[in-house]
Amino acid sequence: PCHKQLIQEPSLLTENWKTHLLQKRLQAKYESITQLLTITQQSWAHAFYITLAHNFGFHTNGLPFEMLALQTPLSCLLKHRNSLFQITAILLGQSGLLNSTTLTTDEHSALWHEYCFLRKKFSITPLLPSHWKKAKMRPQSAPEVRIRQFAHLLYQSEHLFANLMETKTIDEMVDLLSLNYGNDEVYARVQRPLPLGRKSIEILLINTVIPYRYAYTHSQSHSKSAIHWLENIKKEDNTIIRQWTMLGQAINSAADTQALIHLYQNYCQPHQCFNCQIGQQVFAYKQLTLF
């Protein structure tokens with residue numbers, strides 16, 4: 001609502017207000033994580049798995065990915081963590097995208113037969129294929145591609161949550177989330193998934209890893225660490241951020257983008273202008289000009 005004033009005077013959005021907004025966003029994510037911990041009986045690894053799955057949907061398919069994780073307990077996957085073929089079969093089968101009507105290759109048929117066995121073993125129920133959005137998506141962002149990447153990450157990364165909580169640098173986190181391709185024998189029964197790009201990995205860091213590191217040791221010092229990491233990740237590129245750029249805002253890092261996303265979603269969209277520092281300045285100026 002204040003876009004005209006911001007175009008004329010971008011400094012209305014102060015650094016102090018952005019820092020406050022970023023802290024509020026981290027706190028909101030912390031509260032979301034504590035709710036998941038209740039669902040998972042205080043299992044940090046299981047809660048992390050659900051959040052990571054949600055963010056593997058990269059907004060478009062976030063909800064079905066989260067549903068996939070909720071309907072596919074982490075314990076089922078861990079029992080077969082040494083087999084990429086079986087993890088892929090479970091996740092593709094549970095997604096509903098692999099079924100008796102979609103068997104177009106020998107690999108699909110083999111995965112489907114394996115899933116039918118594992119489904120009975122674990123008494124698990126698949127999603128409906130209609131949950132997934134496919135229209136107007138780039139091939140590398142298709143849900144089946146993302147599920148295969150997710151399966152590969154779980155396969156290659158024993159103790160993924162614990163390892164990510166112990167890393168010291170952004171580069172170490174990126175290495176843990178990068179898909180590492182081993183010997184060719186692994187891909188004898190299942191195709192090698194496309195690699196995860198750096199931008200995709202950084203989105204997972206911003207929305208999953210850093211909030212969990214903040215929540216895992218919930219303290220003021222850890223808040224500063226989370227902000228520091230976000231300051232060292234490149235800015236996000238999405239519709240919300242492009243709007244802020246058009247309003248003359250200097251955006252330098254993920255710390256800025258996370259603050260501005262929180263501002264848009266929690267103040268601009270619901271018209272909470274009286275609670276916003278920018279709105280308060282605009283209203284104060286308008287009152288002064290009346291006298």
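These are my notebook entries on helix packing, one pocket and one cavity in this structure.

**Entry 1: the model**

I am working from a predicted model, and I kept that in mind for each entry below.

**Entry 2: α2 against α3**

I began with the pair α2 and α3, whose axes lie 9 Å apart and make an angle of about 120°. That angle falls outside the 65 to 115 range counted as roughly perpendicular and is not over 145, and α2 and α3 are therefore oblique to each other. I noted the handedness of this crossing as right-handed. On the α2 side I found Ile33, Leu36 and Leu37, which meet Trp44, Ala47, Ile50 and Thr51 of α3. Sorted by class, the residues of this contact come out as six nonpolar and one polar, with no charged residue.

**Entry 3: α3 against α8**

I then followed α3, residues 44-56, to its contact with helix α8, which spans residues 143-156. The axes of α3 and α8 come within 10 Å and cross at roughly 150°; α3 and α8 are therefore roughly antiparallel to each other. Here too I looked up the handedness, and α3 passes α8 in a right-handed crossing. The residues that make the contact are Tyr49, Leu52, Ala53 and Phe56 from α3, together with Arg146, Gln149, Phe150, Leu153 and Leu154 from α8. I recorded seven nonpolar residues, one polar and one charged for the contact of α3 with α8.

**Entry 4: α10 against α11**

Next I looked up helix α10, residues 170-177, and helix α11, residues 198-216, which pack with their axes 10 Å apart at an angle of about 110°. α10 and α11 are therefore roughly perpendicular to each other. The crossing in which α10 passes α11 is right-handed. From α10 the contact draws on Ile170, Asp171, Met173, Val174 and Leu177, and from α11 on Arg198, Ile201, Leu204, Leu205, Val209 and Arg213. The class count for the contact of α10 with α11 is eight nonpolar and three charged residues, with no polar one.

**Entry 5: the second largest pocket**

I turned to the second largest pocket, in which lies about 290 Å³ of space. Its lining comprises 16 residues, and those nearest the centre of the pocket are Leu74, Leu78, Ser157, His159 and Leu160. Which elements each supply at least two residues of this lining? I found α3, α5 (74-78) and α9 (160-166). The element that gives the most is α3, with four residues, so I went back to the helix I had followed in the α8 entry. By class, I noted 12 nonpolar, two polar and two charged residues in the lining of this pocket.

**Entry 6: the largest cavity**

Last, I asked how many cavities of 30 Å³ or more the structure holds. The structure holds one, and the volume of the largest cavity is about 30 Å³. The residues I listed as lining the largest cavity are Leu22, Leu26, Lys29, Ile206, Ile210, Pro211, Leu230 and Gln258. Two elements, α2 (15-39) and α11, give two or more residues to this lining, and I had already met α2 in its contact with α3 and α11 in its contact with α10. For the lining of the largest cavity I wrote down six nonpolar residues, one polar and one charged.

Methods
Residues numbered from 1 in each chain as written. Predicted model: local features only at pLDDT ≥ 70, side-chain atom pairs only at ≥ 80, totals over all residues. Heavy atoms only, no water. 1 Å grid on protein atoms, 1.4 Å probe; cavity = no way out; pocket = protein on both sides within 12 Å on 5 of 7 lines; lining within 4 Å. Points joined across faces, edges and corners; volume = space filled by probe spheres on them. Nonpolar A, V, L, I, M, F, W, Y, C, P; charged D, E, K, R; others polar. Axes fitted to C-alpha atoms, helices over the stretch in contact; angles between N-to-C directions. Parallel < 35°, antiparallel > 145°, perpendicular 65-115°, else oblique. Left-handed = near helix turned anticlockwise from the far one by under 90°. Contact = heavy atoms within 4.5 Å.
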